[in-house]
Amino acid sequence: MKKFSVVIAGGGSTFTPGIVLMLLDNLDKFPLRTLKFYDNDKDRQEKIAGACEIIVKERAPEIEFVATVDPEEAFTDVDFVMAHIRVGKYAMRALDEKIPLKYGVVGQETCGPGGMAYGMRSIGGVFEIIDYMEKYSPDAWMLNYSNPAAIVAEACRKLRPNSKVLNICDMPVSIERRMAETLGLASRKELVVRYYGLNHFGWWTDIRDKAGNDLMPKIKEHVVKNGYVVTSGDRQHTEATWNDTFTKARDVFALDPNTLPNTYLQYYLFPDYIVGHSNKEYTRANEVMDGREKFVFGECEKIVVNQSTEGSALHVDMHASYIVDLARAIAYNTHERMLLIVENNGAIENFDPTGMVEIPCIVGSNGPEPLSIGKIPQFQKGLMEQQVSVEKLVVEAWEEGSYQKLWQAMTLSKTVPSASVAKSILDDLIEANKDFWPTLKKEQQELEQVLN
Ligand SMILES: NC(=O)c1ccc[n+]([C@@H]2O[C@H](COP(=O)([O-])OP(=O)(O)OC[C@H]3O[C@@H](n4cnc5c(N)ncnc54)[C@H](O)[C@@H]3O)[C@@H](O)[C@H]2O)c1
Ligand SMILES: O=P(O)(O)OC[C@H]1O[C@H](O[C@H]2[C@H](O)[C@@H](O)[C@@H](O)O[C@@H]2CO)[C@H](O)[C@@H](O)[C@@H]1O
Ligand SMILES: [Mn+2]
């Protein structure tokens with residue numbers, strides 16, 4: 001059986017140890033010969049890599065382990081690039097969240113103005129990784145889950161159309177795990193789903209078991225009372241904010257009881273509620289820095305000090321098993337059915353063919369073959385047309401260095417009440433992102449004077 005060489009780009013990520021443990025748990029299905037880490041922050045990566053090297057040595061000493069900040073060393077002789085970088089790290093995430101909140105607008109990592117700011121930082125970082133991969137391992141595939149996946153995917157479609165990049169998100173599988181629990185099923189893999197939308201912006205339309213029995217009525221019965229809250233919860237979503245999100249799905253569901261919603265729709269459909277329940281001084285970025293980041297780095301330090309994983313509380317990222325499924329689908333032509341972010345190209349009949357949509361695909365060695373969705377209802381179509389335009393305008397703004405287009409994108413977002421609020425947020429975000437964004441030209445300086 002062929003053994004694979006994988007590089008994790010964003011080796012210093014809080015998700016890296018969970019993914020390494022998940023890869024080690026799946027060596028029988030996806031054997032590894034080399035595991036490399038690449039990051040542009042040497043110190044941050046070293047803390048995670050020091051522990052992961054010990055984990056790999058204990059569990060699979062035959063795997064060669066390399067951690068490097070040298071792109072040539074990292075990207076030479078690899079079959080897969082698993083990319084989860086966060087350009088600007090949590091410090092910039094905190095600003096993405098806090099600046100819009102200052103103006104009474106949703107402050108969120110991937111939605112609204114915060115998501116656009118993150119997108120303007122991510123595109124260049126992700127392109128850099130793609131370029132390294134294509135230079136040093138031109139046959140490799142990149143499995144990208146760096147956020148904001150919707151904007152990154154649109155940038156790849158438009159500006160890197162021939163690159164072997166698959167964009168994917170774990171929110172649907174995470175919700176499906178909860179649906180399976182609600183139904184008393186052992187695994188989400190027992191569900192066969194139909195789903196459509198944009199990334200962090202979609203709906204399930206049909207959920208069946210493998211025998212074809214309709215499971216939607218039973219799930220809806222649960223969601224109408226509890227949202228996606230389940231009794232066991234999971235180890236990755238223990239904070240109150242995640243519980244609020246899974247509870248709020250009840251209200252999102254009420255808007256269209258024919259479908260089951262992705263939790264991220266709460267930011268677009270209930271922005272007033274979200275802002276009302278946000279703390280402008282302490283946002284999700286703070287919660288993550290005080291929670292997941294401290295925990296993961298603390299546990300890694302203990303492993304390095306003890307030179308052993310004995311007693312370690314680090315746990316496998318179960319949700320990340322979709323990454324192994326995706327790699328296996330490419331490597332072994334498994335034709336696994338998975339939700340991926342792909343060019344619409346007619347799959348949703350009455351939607352922009354160039355929009356990047358999240359839909360079921362059959363994945364084989366040649367990449368994804370999207371399934372046909374047909375026509376979607378007016379409510380979803382209207383919401384998606386507005387949001388896909390936001391995502392396209394952000395990519396155009398990045399490509400052209402256009403202030404005007406980024407202002408239009410922010411104005412168009414359902415989370416923003418007016419062009420003047422959009423402008424205030426944008427101007428603050430430009431200042432905060434001056435080390436990361438391309439310089440934006442103001443096409444209509446005089447308009448600024450009119451508005452001031
Ligand atoms: N698609 C999904 O559903 C999904 C799920 C979870 C997390 N994510 C994404 O995974 C990423 C990591 O999240 P995290 O919370 O662990 O963040 P993190 O800040 O802990 O890790 C990100 C790492 O990326 C590195 N980095 C930043 N810019 C880089 C560049 N240009 N080249 C190489 N490395 C670079 C940083 O130094 C850091 O070590 C984020 O983009 C997050 O949004 C996506
Ligand atoms: O606020 P964070 O950093 O905890 O999470 C933001 C991410 O949320 C989703 O990912 C979840 C995922 O759904 C779950 O299965 C598990 O792996 O944890 C992830 C992080 O909590 C979302 O899909 C990502 O795009 C977000 O970055
Ligand atoms: Mn996601």
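The legends below describe close-up views of a predicted model.

**View 1. Helices H1 and H2 pack side by side in a roughly parallel arrangement.**
Helix H1 covers residues 16-25 and helix H2 covers residues 42-59. Their axes lie 10 Å apart and make an angle of about 15°. Because angles under 35 degrees count as roughly parallel, H1 and H2 are described in that way. The crossing of H1 past H2 is right-handed. On the H1 side, the contact is formed by Thr-16, Pro-17, Val-20, Leu-21 and Leu-24. These meet Ile-48, Ala-51, Cys-52, Ile-55 and Arg-59 of H2. By class, the contact of H1 with H2 consists of eight nonpolar residues, one polar and one charged.

**View 2. Residues form a shell around ligand 1.**
The shell around ligand 1 has 25 residues. Those that come nearest are Gly-12, Ser-13, Gly-125, Tyr-145 and Asn-147. Two or more residues of the shell are given by helix H4 (89-102) and also by helix H5 (112-136). Nine residues of the shell are nonpolar, nine are polar and seven are charged.

**View 3. Helices H5 and H6 cross obliquely.**
The axes of H5 and helix H6 (residues 149-159) come within 9 Å of each other. They cross at roughly 50°, and H5 and H6 are therefore oblique to each other. The crossing is right-handed. From H5, the contact includes Gly-119, Ser-122, Ile-123 and Val-126. From H6, Ile-151, Val-152 and Ala-155 take part. Five residues of the contact of H5 with H6 are nonpolar and two are polar, with no charged residue.

**View 4. A cis peptide bond joins Asn-147 to Pro-148.**
Omega of the bond from Asn-147 to Pro-148 is near -10°. Most peptide bonds are trans. Pro-148 is found in the loop that runs between strand E5 (141-144) and H6. Asn-147, on the other side of the cis bond, is also one of the residues that come nearest to ligand 1.

**View 5. Strands E7, E8 and E9 make an open antiparallel sheet.**
The sheet has three strands in the order E7-E8-E9. Strand E7 (192-198) and strand E9 (260-261) are the edge strands, and each pairs on one side only. Helix H14 (residues 378-400) packs on the sheet and touches E7 and E8. The direction of H14 makes about 50° with that of E7.

**View 6. E7 and E8 are joined as a hairpin.**
Seven bridges join E7 to E8, and the two strands run antiparallel. One of the bridges pairs Val-192 with Arg-208 in E8. Two residues lie between E7 and E8 in the hairpin. His-200 in the turn has a positive phi of about 55°. Most residues other than glycine have a negative phi.

**View 7. Strand E8 pairs with E9 through two bridges.**
Strand E8 spans residues 201-208 and runs antiparallel to E9. Trp-203 stands opposite Pro-261 in E9. The bridge partner of Trp-204 in E9 is Leu-260. In a regular strand the side chains alternate between the two faces of the sheet.

**View 8. Helices H8 and H9 cross roughly at right angles, being roughly perpendicular to each other.**
Helix H8 is made of residues 216-226 and helix H9 of residues 240-255. Their axes come within 7 Å and cross at roughly 115°. Angles from 65 to 115 degrees count as roughly perpendicular, and H8 and H9 are therefore placed in that class. H8 passes H9 in a left-handed crossing. In H8, the residues of the contact are Val-223, Val-224 and Asn-226. They meet Ala-249, Arg-250 and Phe-253 in H9. The contact of H8 with H9 has four nonpolar residues, one polar and one charged.

**View 9. His-335 has a positive phi.**
Phi of His-335 is near 60°, a positive value in a residue other than glycine. The loop that holds His-335 lies between helix H13 (321-332) and strand E10 (336-343).

How values were computed:
Residues numbered from 1 in each chain as written. Chains lettered and ligands numbered in written order. Predicted model: local features only at pLDDT ≥ 70, side-chain atom pairs only at ≥ 80, totals over all residues. Axes fitted to C-alpha atoms, helices over the stretch in contact; angles between N-to-C directions. Helix = DSSP H or I, 4+ residues; strand = E, 2+ residues; numbered from the N terminus. Parallel < 35°, antiparallel > 145°, perpendicular 65-115°, else oblique. Left-handed = near helix turned anticlockwise from the far one by under 90°. Contact = placed C-beta atoms within 7 Å. Nonpolar A, V, L, I, M, F, W, Y, C, P; charged D, E, K, R; others polar. Near = placed C-beta within 6 Å. Pairing = 2+ DSSP bridges.
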